[in-house]
Amino acid sequence: MTNTYDTIIVGLGGMGSSAAYHLAKRGKRVLGLEQFTPTHTNGSSHGRSRIYRQAYFEGAEYVPLLLRAYENWRELERDADESLLRLSGGLMIGEPHHHTVAGALASAQTHGLEYELLDAATLMQRYPMLRPTPTTVALYERNAGVVLPEATILAHQRVAAAHGAALHFGEPVLHWEATDNGVRVTSERGTYAAERLILSPGAWAPQLMADLHLPLVVERQVLYWFAPKSGFDAYQPDRFPIFIWEIDNGLQVYGFPAEQSAPFGVKVAFFRKGEACTPETVDRTVREGEIADIRAAIEQLMPDVNGELVEAKTCFYTTTPDEHFVIALHPQHANVVLASPCSGHGYKFASVIGEILADLASEGATRLPIGLFDPARFKLE
Ligand SMILES: Cc1cc2nc3c(=O)[nH]c(=O)nc-3n(C[C@H](O)[C@H](O)[C@H](O)COP(=O)(O)OP(=O)(O)OC[C@H]3O[C@@H](n4cnc5c(N)ncnc54)[C@H](O)[C@@H]3O)c2cc1C
């Protein structure tokens, strides 16, 4: 079989769509295969908003990637002629010793990022809807805000297609194999050959990367949208920032400014309060007890938001034990690229991860720093 394509991408969610865009813009012959529709709600990239921020408490190593992601989001906006990343500012809130605050501060200081430290009184003065305890502090950064997942996925796909990428939807991939001169991918509709393969299957990584026995856990997470009791005015993006608030025992609640189109909700969620599942077994119904838990948290932190529940949805995290991503060449097949960049915090990076995946697929290497994401850090079987 001759290689009809330079690269096949399995999974056109956040990461795969961005990889298709970068490769197609470089003139590569791309085939993207997606089992569902362009912006389905079965994976990890739905829900209308994702936090973008730079003073990264998860590690200063991420900051160069966040800066590059910012440039790439802006470039995508120019290519697609659309507003896709909206800065509202961001607050990392907690006790001074909490990781959310101390980690963000360390990243900002290491990389000379602009920030302000606010005490509880200043925080309440600026954002009267918040109820910090007297010892709570917040790191505020201007360069944080909201990136729109469905809109950016569609923009990546549209520009990729305009540069000649073939993107197939409703076409599940059944298996892949490395061949003497590339890869062969079999879907429900046919078999395709290419020089390179990018696996960006999100929560389906345990199946498509089963040969590697990566320690990935797929978790069910819930997103909630509320209508604040006082209405939406005080929650507009020019007045209300994205936030992550560390409460007792390390639990974090995060949230967004009001949405700019109907249903206009203020979205909030627990950052990491999921249960292990698989895409086949997940319970997509949001339970009364879960709604009671998020209501109790926001009643304590920002009671005005605890109004009518507008909507609630489940979503998947695909997490590693250290919560860093997996982005690398396959250890046994140098023409296969692994992309499992979730661990609950991947979307803001999608614009740069697509560039990295395109580098790895076309050059076998990237100048962007991805050492942290090497699967060799796990003891693979
Ligand atoms: C509730 C929630 C909140 C989040 N909040 C944030 C946030 O604020 N900021 C942030 O940066 N990140 C956030 N994240 C994480 C971020 O959304 C994910 O890291 C990101 O969406 C992962 O993208 P992906 O491309 O890996 O997965 P997906 O977008 O799910 O894409 C994988 C695709 O592969 C397809 N696929 C799988 N197997 C096959 C197959 N065999 N054949 C064909 N297609 C296949 C799937 O159908 C899917 O479309 C959040 C995630 C969730 C769930």
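The following dialogue examines the ligand and the helices of a predicted model.

Modeller: In this predicted model, local features need pLDDT of at least 70, side-chain atom pairs count only at pLDDT 80 or more, and totals for chains, interfaces and linings use all residues. Residues are numbered from 1 along each chain as its sequence is written, and side-chain values use heavy atoms, with hydrogens and water left out.

Biologist: Which residues come nearest to the ligand?

Modeller: Glu34, His40, Ser45, Ile51 and Cys315 do, out of 35 residues around the ligand. A residue is near a molecule if one of its heavy atoms lies within 4 Å of it.

Biologist: What makes the approach of serine 44 to the ligand a polar contact?

Modeller: A polar contact is a pair of N or O atoms within 3.5 Å; within protein, one must be able to donate a hydrogen and the other to accept it, and residues adjacent in sequence count only if both atoms are side-chain atoms. A backbone N or O atom of serine 44 is 2.9 Å from an oxygen atom of the ligand, so the pair qualifies. For glycine 346, the distance from a backbone N or O atom to a ligand oxygen is 3.1 Å. The protein buries 97% of the 1000 Å² that the ligand exposes when taken alone (areas by the Shrake-Rupley method with a 1.4 Å probe).

Biologist: Which strand gives the most to the shell around the ligand?

Modeller: Strand 18 does, with three residues; this strand spans 308–319. Strands are DSSP runs of E with at least two residues, helices are runs of H or I with at least four, and both are numbered from the N terminus.

Biologist: Why are helix 1 and helix 8 called oblique to each other?

Modeller: Their axes come within 7 Å and cross at roughly 60°. Axes are lines fitted to C-alpha atoms, for helices over the stretch in contact, and angles run from 0 to 180 degrees between N-to-C directions. Angles under 35 degrees count as roughly parallel, over 145 as roughly antiparallel, 65 to 115 as roughly perpendicular and the rest as oblique. Helix 1 and helix 8 are therefore oblique.

Biologist: What is the angle between helix 1 and helix 2?

Modeller: They pack at about 70°, with axes 13 Å apart. Helix 1 is therefore roughly perpendicular to helix 2.

Biologist: Where is proline 263?

Modeller: Proline 263 lies in the loop between strand 15 and strand 16. The peptide bond from alanine 262 to proline 263 is cis, with omega near 10°.
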